[in-house]
Amino acid sequence: MKQTITIDNINRLLGRFIIQVNSDGPVFLNEVKKEALPFYFEKRVKMVAESPYNRDEETKILIVGLYGDSREYTKEKFIEYFNEYIGDSKGERFHRLLTQKEVDVVNEFIKSRQY
């Protein structure tokens with residue numbers, strides 16, 4: 001159930017979690033076996049934010065992983081990244097917002113890492 005976004009949608013994504021899924025077999029974190037969750041947390045789940053490090057006039061979008069990795073994109077490149085994925089798997093993957101049940105899974109993971 002791929003949904004495409006436009007630049008007008010970006011502000012509604014800020015501060016939210018997204019997941020990268022394969023076009024031919026999207027998964028839901030709340031249905032994934034516990035032993036497979038670390039892969040998704042490390043590689044596929046990200047938070048969308050606005051970059052505080054604008055070196056020019058253009059606002060950049062920051063994608064932050066649960067392990068602290070991050071990438072910065074122009075709004076146009078972020079749209080391409082979200083809708084189609086950029087890289088070797090272009091056209092085979094896309095991103096979507098997490099469902100509420102998936103956010104619960106991510107919250108449990110985040111809480112488990114606090115000490």
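Q: Leaving aside its neighbours within four places in sequence, which residues is Glu-102 in contact with?
A: Keep in mind that this is a predicted model. Here Glu-102 is in contact with Val-27, Phe-28, Leu-29, Asn-30, Arg-96 and Leu-97. Glu-102 itself is found in helix α4, residues 100-113.

Q: Is Glu-102 buried or exposed?
A: Look at the relative accessible area: under 20% means buried. Glu-102 has 0%, so it counts as buried. Its side chain also reaches the backbone nitrogen of Leu-29 at 2.8 Å.

Q: What about His-95: where is it found?
A: You'll find His-95 in strand β5, which covers residues 93-97. His-95 is buried too, because its relative accessibility is 1%.

Q: Which backbone oxygen lies 3.0 Å from a polar atom of the His-95 side chain?
A: That's the backbone oxygen of Tyr-81. Tyr-81 is also one of the residues His-95 touches when you skip those up to four places away in sequence; the others are Ile-18, Ile-19, Gln-20, Phe-82 and Tyr-85.

Q: Which residues of the largest nonpolar core touch the most other members?
A: In a core like this, you look for buried nonpolar residues joined through their side chains. This one has 15 residues, and Ile-19, Leu-29, Phe-41, Val-45, Leu-66, Leu-98 and Val-106 touch the most other members. β1 (17-22), α2 (37-44) and α4 each supply at least two residues of this core. There's also a second, separate core of 13 residues, including Leu-13, Ile-18, Phe-78 and Tyr-81.

Q: And what does Phe-41 contact, leaving aside its neighbours within four places in sequence?
A: Phe-41 is in contact with Leu-29, Leu-66, Tyr-67, Val-105, Val-106 and Phe-109.

Definitions and conventions
Residues are numbered from 1 along each chain as its sequence is written. This is a predicted model: local features need pLDDT of at least 70, side-chain atom pairs count only at pLDDT 80 or more; totals for chains, interfaces and linings use all residues. Side-chain values use heavy atoms; hydrogens and water are left out. Helices (H or I, at least four residues) and strands (E, at least two) are DSSP runs, numbered from the N terminus. Buried means under 20% relative accessible area, exposed over 50%, partly exposed in between (1.4 Å probe, protein chains only). A polar contact is a pair of N or O atoms within 3.5 Å; within protein, one must be able to donate a hydrogen and the other to accept it, and residues adjacent in sequence count only if both atoms are side-chain atoms. Contact means heavy atoms within 4.5 Å. A nonpolar core is a set of buried Ala, Val, Leu, Ile, Met, Phe, Trp, Tyr and Cys residues joined through side-chain atoms within 4.5 Å.
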